[in-house]
Amino acid sequence: MSEDFYAYVRGRSDALPAGYTEHGMRAYRHLVFIGASQMVEAHFPAIRQELGEDGWRALIAAFIRQSAWDSPCYGDLIDEFRSFIARESA
Amino acid sequence: MTGLGYRREMADWDMSAIDADFFEVAPENWIHRDLTPLHRLIESGRPVHLHGVALNLGGTAPLNRVFLQAVRHLIDDLGASCYSDHLAASGDAHQLYDLFPTPFTHAEARRIADRVCEAQDLLGRQIAIENTTWYTNIGEMPECEFIAHILSWADCQLLLDINNLAVNHKNHHTACPAEFIKHLDLARISYLHVAGHEFDPRFGLYLDTHSQPVESSTRLLAQQLRAQHGIPILLEWDNDLPDPSTLNRELACLKTSTPM
């Protein structure tokens with residue numbers, strides 16, 4: 001699997017990886033966004049209200065763009081989010 | 001035999017009223033957790049199978065040995081007879097908590113078969129791999145051939161997801177589920193997954209949402225396989241979980257012994 005594939009999924013690049021369809025790649029980017037958005041919102045519902053929809057989308061997109069998550073457990077994404085916020089606020 | 005994917009939302013339900021013969025959980029959600037709800041199910045005479053999401057069999061990062069050790073303990077704690085994960089990548093060198101396609105090539109089939117073998121060696125048992133939904137992919141061979149190679153080379157089982165076959169057929173006009181399974185060694189199938197899916201106009205694709213009743217063609221094929229080969233069926237319903245009576249109705253529909 002090409003690096004281009006995951007660069008697109010993370011939103012680091014809009015260049016389609018060779019041979020893959022735009023619809024399919026957008027679906028993968030969307031699914032990763034939904035996964036992160038749902039887990040963060042479940043723990044920090046107030047952030048979405050405070051930021052509004054555009055701010056929320058930008059925050060989650062930035063979280064995914066810089067991601068290097070390692071835990072096999074989806075719930076550990078919250079620890080990653082806390083570290084991300086701490087890094088961003090430093 | 002008809003099973004149901006067990007969700008945490010069911011913790012408050014009276015599970016004795018749920019008409020399932022067995023259950024399935026994601027090990028990632030239960031490692032180092034209180035297993036009491038699962039032991040209750042097992043004590044009611046209904047086994048719990050493990051169906052993982054993060055083993056990353058299709059990825060390039062080394063298999064996570066600490067995680068596999070924890071899975072091994074969970075298998076032992078629950079006396080689980082089945083452990084499966086997806087024929088997909090969970091990310092590149094890192095996790096992205098989704099399932100990504102691996103190119104349908106000979107080189108990838110060989111590489112993934114080797115990873116399945118490594119996982120089986122570390123666990124000391126045979127595992128099953130599940131065919132997945134894919135929204136775009138590249139490669140030189142049809143998916144059925146790709147899967148058949150891996151099953152044979154890794155000597156592993158297949159958790160056959162008929163809904164995923166149906167979604168891929170609708171999205172890519174590849175072989176329909178009934179045609180697809182003609183290329184598989186049915187003796188390798190551990191059990192079947194059925195679920196529902198939805199069309200998403202934003203992408204012009206059917207997405208594997210597990211949020212709808214099972215389509216009749218998927219149910220009929222699953223019932224045929226059970227009737228002819230004794231392969232159990234498990235219903236997955238992960239999003240927009242309905243009330244217990246709706247789930248029981250869906251299970252009853254799957255249980256009818258003669259395909260309707």
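**Reading a predicted two-chain model**

Modeller: Let us begin where the chains meet: 23 residues of chain B are in contact with 24 residues of chain A. On the chain B side of this interface there are 13 nonpolar, seven polar and three charged residues. Please keep in mind that the model is predicted.

Colleague: How many helices and strands are there in chain A?

Modeller: Chain A has four helices and zero strands, and the order of its elements from the N terminus is α-α-α-α. Along the principal axes, its C-alpha atoms fill a box of roughly 40 × 25 × 25 Å. Of the 90 residues in chain A, 29% count as buried. As for contacts in chain A between residues at least 6 apart in sequence, 42% of them join residues at least 24 apart.

Colleague: Where in chain A is Tyr20(A) found, and which residues is Tyr20(A) in contact with, leaving aside its neighbours within four places in sequence?

Modeller: Tyr20(A) lies in the loop that runs between helix 1 (3-9) and helix 2 (22-43) of chain A. Apart from those sequence neighbours, its contacts are Phe5(A) and Met25(A), together with Thr136(B) and Ile138(B) of chain B. Phe5(A) is 15 residues away along the chain, with 8.5 Å between the two C-alpha atoms.

Colleague: Why does Tyr20(A) count as buried?

Modeller: Burial is judged by counting other C-beta atoms within 10 Å, and 20 or more are needed. Tyr20(A) counts as buried because it has 20 C-beta neighbours inside 10 Å.

Colleague: Turning to chain B, how should one read a sheet, and which strands make up the closed barrel?

Modeller: In general, the strands of a sheet pair through backbone hydrogen bonds, and the pairing is either parallel or antiparallel. In chain B, eight strands form a closed barrel in the order 1-2-3-4-5-6-7-10, with parallel pairing. Neighbouring strands of this sheet are turned against each other by 30 degrees on average, direction ignored.

Colleague: How many bridges join strand 6 to strand 7 of chain B, and how many join strand 7 to strand 10?

Modeller: Strand 6 (residues 157-161) and strand 7 run parallel and are joined by four bridges; here Leu158(B) has Ile189(B) as its bridge partner. Strand 7 and strand 10 (residues 233-235), also parallel, are joined by three bridges, and Leu192(B) is partnered with Ile233(B). Strand 7 (residues 189-194) is mostly covered, with five of its six residues buried. Elsewhere in the barrel, two bridges link the parallel strands 3 (residues 48-51) and 4 (residues 83-86), and His51(B) stands opposite Ser84(B).

Colleague: Which residues are buried in helix 2 of chain B, and why do they line one face?

Modeller: An α-helix has 3.6 residues a turn, so residues three or four places apart point the same way. In helix 2 of chain B, the buried residues are Phe67(B), Leu68(B), Val71(B), Leu74(B) and Leu78(B). Viewed down the helix axis, they fall within an arc of 115 degrees, so they line one face. Their cover includes helix 1 (36-43), strand 3, strand 4 and helix 3 (106-123) of chain B. On the other side of helix 2, Arg65(B), Val66(B), Asp76(B) and Asp77(B) are exposed.

Colleague: What length does helix 2 of chain B reach, and what phi does Gly79(B) take?

Modeller: Helix 2 (residues 65-78) has 14 residues and reaches 20 Å from first to last C-alpha, close to the 20 Å expected at 1.5 Å a residue. Just after this helix, Gly79(B) takes a positive phi of about 60 degrees.

How values were computed
Residues are numbered from 1 along each chain as its sequence is written. Chains are lettered from A and ligands numbered from 1 in the order in which they are written. This is a predicted model: local features need pLDDT of at least 70, side-chain atom pairs count only at pLDDT 80 or more; totals for chains, interfaces and linings use all residues. A residue is buried if 20 or more other C-beta atoms lie within 10 Å of its own, exposed if 12 or fewer, and partly exposed in between; C-beta atoms are placed from the backbone. Two residues are in contact if their C-beta atoms, placed from the backbone, lie within 7 Å. Ala, Val, Leu, Ile, Met, Phe, Trp, Tyr, Cys and Pro count as nonpolar, Asp, Glu, Lys and Arg as charged, and the others, Gly among them, as polar. Two strands pair if DSSP finds at least two bridges between them. Axes are lines fitted to C-alpha atoms, for helices over the stretch in contact, and angles run from 0 to 180 degrees between N-to-C directions. The expected span of a helix is 1.5 Å times one less than its number of residues. The arc is that of the directions from the helix axis to the C-beta atoms.
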